[in-house]
Structure formats: structure tokens, C-alpha cells
Amino acid sequence: MSDWDVIVIGAGAAGMFAAIEAGRRGRRVLLIDHAKAPGEKIRISGGGRCNFTNIHAGPGNFLSANPRFAVSALKRFTARDFLARVEAHGIAWHEKTLGQLFCDGSAREIVTMLTGGLAEAGVTLRLGTPVEAVGRDGDFVVQAGGAQRAQSLVIATGGKSIPKMGATGFGYDIARQFGLGLVETRPGLVPLTFAEQELAPMKALAGVSVQGVAASGKARFEEAVLFTHRGLSGPAILQVSSFWREGGEITLSLAPGHDVFAELKAQKAAAGRQAPQTALARLLPKALAQHLVAGLTGNLADLSDKRLRTLAEAVNAWRLRPVGSEGYRTAEVTLGGVDTAGLDSRTLAARAVPGLHFIGEVVDVTGWLGGYNFQWAWSSGWAAGQVA
Ligand code: FDA
């Protein structure tokens, strides 16, 4: 006889949610994590307030080799379903912007809700327990300080982001071991970095933040852009970083909604004696205006329409070529992962290995910034928890 009905490896958002759901069905569930505490990424998320879902979450907010894969899980356990649980636990919340829901108090409230849910569902939680190996002889056999046997195995070990917090490539190794495909992984939702020649003049802007549009290919996001000592960050940049590919460009529009050329021309007619940076500072932070006029001499009246047009383009179509990103050290998520082609979208089970499920970030489904990644963890965890 098996020791357990279900073993879940990884006590993050997805693993805890799946374990709760399976436990509620009366399954004997063991949840294992090598970390000392469960839900560490939840605890630090959203600046300590956890952006626990996005009320508008839909398949269009996710990147995956198969953009339709997430539809089933997201439909069956929605952002409103998760919100209902948050409210049932008396956790106060607010919408910050763009449908992003945060705790009023602390992210720890979400962790406490989940650990309480585990206890209520009778789940056995073993922390500080590294998994040495996984095998199968009818049952799944997990070597973790002794052999543990179960009929179902749920892999919820997340991606490679923030190795300092215990992220490993373990889930990918298990996928490979059982013959599943992998979509190449790369850091997502991550600050972008620049070559020294591009970075040097930008360094004076470190700390400047502006509401802009960052675009990479067809993806465009209107949110804050932040200049840093290393390059660019802020929500708009993190969003496009998931779409940007090495060697490619990004475009910044720093005064979206403004016809900058028309406004500069009007300023030239009305007050031609002002410096161009003074005119630009009506639309942009002063330091940024100063940066963009570097190399221009004279006042506004001295600048030809051609010059004004070039200046306007620098404001609303500033083309930049990042050299890379800050990598997994600071990336909020890992793009790519277990290929959805080998998984059932309703149960998150491996088609070729009955009883083996992959959920959460380890799967090739990655959300935008704004609560989407946790919603995928809840939805995919819920779906696996109904059948494991
Ligand atoms: P998660 O990484 O949460 O959990 C995996 C678990 O597996 C960990 O507990 C780990 O210790 C364990 N594990 C790994 N390898 C193991 C092994 N070999 N053996 C045993 N255990 C192992 N998203 C969002 O929607 N809103 C937000 O506000 C934020 N904010 C945010 C801030 C920061 C700084 C980061 C880094 C990320 C976010 N995210 C986010 C993203 C979000 O945290 C992430 O998508 C989810 O935590 C993924 O949940 P999982 O359960 O799949 O993995």
C-alpha cells in the first residue's frame, strides 16, 4: 500500500493550493519543500503586500508556446474565486491599478490563509526536506530522507528566478526524466541592461521615473519607466522584458498621448526664446528633458522644424538596444518550462505518465506583471488538486 495518495513537491503558491484541494477531497497528502518556510515568494511579493491576483486575468495575459493552454484552468478557478477565499478569511484588500489586487496589510496574511488551509485539509507538511530522487514502480517513489510512495505526484517547484530563495531547476529535471519536452527557459519581468556607451549618458537619470509606453515588437505597455544605475526598470520595462529577445530593440514613448512635435512648434511660436529643455520640461521630468536635448545649441527659435521633429521622435519613439537583462538574480519569473504539449490542460497531468502533474511557474505559462502569475498558480493548483 502507498504511504500517501498524493505527494506534492514545492510548498509555494501552486503546491500549497493543490495540496489543499486534494486534501479537501479526503486524499492523504504529503507536501515537501527543501525551504525552511512555505510560500517564501508570496511573503516577499508585491513589495510585502502580495499582488495576489488580477481581476481581469484571462489567457491573453500569459505567454506560452500554446497561448490556449491556460484557458481551461483559468476559467474553472477564476480571480473572483480566489478573491472569495481571501474575503472569507477576512483579509482586507484593495485594487491598486489595472485590476491588480493587493492585501491592505501584509502578504503574510495570504501565507497564513494557505497554511491554515493545509492544516484544515489534513495535509502533512515537511519543510527543510530536500528531495534526492524520484522514481516509479507503479507508485511514484520519492526519496526524501527515506522513501515515500504515492499514487499521484504533483511537481510545483517553480522556476529558476531568485536562486537565493531556493529556486532550482528540479522540476525541469523531473520533466526530462519522465520524457516530457521543455521550452527553453529565460528570465522574465526583469530589468534590462545596456552597453557602457549607451548607459554612461543615462546614468545621470538614475532614479527618474516617468509614465511612458515601452514596446517590443507588438507588445506595448503603458506604465512607469524607471531609470537606474544599471539601465531600465519599472513596470513598463519589466513587462516588455518578457517579450524582448537578445539583439532586439525596445521603443520608449515618454510623453504618450502628446503630439510632441506640435507642442514644441506651438511653444516655438509662443515663446521662441526659451531653451528647448524648458519646453520639454512641460511634458517630462527636468533631468530627462535635459538628457534628450544634449548636443543641441541655441533656443527653441533657432531650431528648424526638422530638428524639432528629431527631438519629438527622441521623446516618443526613443529606440534602445539592451545588451541583456539582470537575469534570474532579480527576474520575477521564468519564461518557458515544461512544454504544455505533453500536458492535459484540464488536469495539468502528463499525458504519457498518468498521475504525474506539473503546476505553477514550472510550466510554460508565464503571466504579465500584475497578479497574473499568482492567479496561474492558484488556477493550475486548483485544477490538479481536483484529480490528483
Ligand atoms: P514558487 O517559486 O512560489 O514555489 C516553489 C517552491 O518549490 C518553493 O517553496 C521552493 O523552495 C520549492 N522547491 C524548489 N526546488 C525544490 C526542490 N528541489 N525540492 C523541494 N522543494 C523545492 N506574482 C504575482 O502574481 N504577484 C506578485 O505580486 C508577485 N511578486 C513577485 C515578487 C518577486 C520578488 C518575485 C521573485 C516574484 C513575484 N511574483 C509575483 C511571481 C510569483 O512569485 C511566482 O510566479 C509564483 O510564486 C510561482 O508559484 P509556484 O508555486 O509555481 O512557485
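The legends below describe views of a predicted model of one protein chain.

**Figure 1. Overview of the whole chain.**
The predicted chain contains 13 helices and 21 strands. Its C-alpha atoms fill a box of roughly 85 × 40 × 35 Å along the principal axes. Of the 388 residues, 54% are buried. Among contacts between residues at least 6 apart in sequence, 72% join residues at least 24 apart. The exposed area of the chain is about 16500 Å², and carbon and sulfur atoms supply 51% of it.

**Figure 2. Two annotated spans.**
An unreviewed UniProt entry lists residues 5-386 as "domain: RsdA/BaiN/AoA(So)-like Rossmann fold-like". The end C-alpha atoms of residues 5-386 lie 13 Å apart, and the span is 31% helix and 24% strand. The annotation "domain: RsdA/BaiN/AoA(So)-like insert", also from an unreviewed UniProt entry, covers residues 186-333. Residues 186-333 are 34% helix and 24% strand, with end C-alpha atoms 9 Å apart.

**Figure 3. The nonpolar cores.**
In soluble globular proteins, nonpolar side chains tend to be buried together. The largest nonpolar core of this chain has 79 residues. Ile42, Ile110, Phe358, Trp376 and Trp378 have the most contacts inside it. A second, separate core has 39 residues, including Leu199, Val208, Val260 and Ala279.

**Figure 4. Surroundings of Ile42.**
Ile42 is among the residues with the most contacts inside the largest nonpolar core. Leaving out residues up to four places away in sequence, Ile42 touches Ala13, Met16, Cys50, Ala107, Ile110, Val111, Leu114, Phe374 and Trp378. Two of these partners, Ile110 and Trp378, are also listed among the residues with the most contacts inside that core.

**Figure 5. Helix H4 and what covers it.**
Helix H4 is formed by residues 79-88, and its buried residues are Ala79, Phe82, Leu83, Arg85 and Val86. These buried residues cover an arc of only 155° around the axis, which puts them on the same side of H4. An α-helix has 3.6 residues a turn, so residues three or four places apart point the same way. The face of H4 turned away from the buried side carries the exposed residues Arg80 and Ala88. The cover over the buried residues of H4 includes helix H1 (13-24), strand E3 (51-54), E5, E6, helix H5 (108-120) and helix H13 (372-385). Just after H4, Gly90 takes a positive phi of about 70°.

**Figure 6. Helix H9 and its buried face.**
Helix H9 has twelve residues, 260-271, which at 1.5 Å a residue should span 16 Å. The end C-alpha atoms of H9 are 16 Å apart, in agreement with that expectation. Val260, Phe261, Leu264 and Gln267 are buried in H9. Seen down the axis, the buried residues of H9 fall within an arc of 125°, so they line one face of the helix. Exposed residues Ala269 and Ala270 are on the face of H9 turned away from its buried side. Helix H10 (276-280) and helix H12 (305-316) are included in what covers the buried residues of H9. Val260 of H9 is also part of the second core.

**Figure 7. Two loop residues with positive phi.**
Ile162 lies in the loop between strand E10 (147-155) and helix H6 (170-177). Phi of Ile162 is near 60°, a positive value in a residue other than glycine. Leu189 is in the loop between strand E11 (182-188) and strand E12 (192-193). Leu189 is not a glycine either, and its phi is positive, at about 50°. Leu189 counts as buried because its relative accessibility is 2%, under the 20% cut-off.

**Figure 8. Two threonines in loops.**
Thr97 sits in the loop between strand E5 (93-95) and strand E6 (100-103). With a relative accessibility of 36%, Thr97 counts as partly exposed. Thr97 and Val208 are 111 residues apart along the chain, and their C-alpha atoms are separated by 21 Å. Thr347 is in the loop between strand E19 (333-338) and strand E20 (356-358). Thr347 is buried, with a relative accessible area of 16%. Apart from its neighbours within four places in sequence, Thr347 is in contact with His357, Ala383, Ala384 and Val387.

Technical notes:
Residues numbered from 1 in each chain as written. Predicted model: local features only at pLDDT ≥ 70, side-chain atom pairs only at ≥ 80, totals over all residues. Heavy atoms only, no water. UniProt positions renumbered as here; feature names shortened; annotations may be inferred. Helix = DSSP H or I, 4+ residues; strand = E, 2+ residues; numbered from the N terminus. Expected span 1.5 Å × (residues − 1). Buried < 20%, exposed > 50% of the residue type's maximum accessible area, 1.4 Å probe, protein only. Arc of directions from axis to C-beta. Contact = heavy atoms within 4.5 Å. Areas by Shrake-Rupley, 256 points an atom, 1.4 Å probe, with all protein chains shown as cover. Core = buried A, V, L, I, M, F, W, Y, C linked by side-chain atoms within 4.5 Å.
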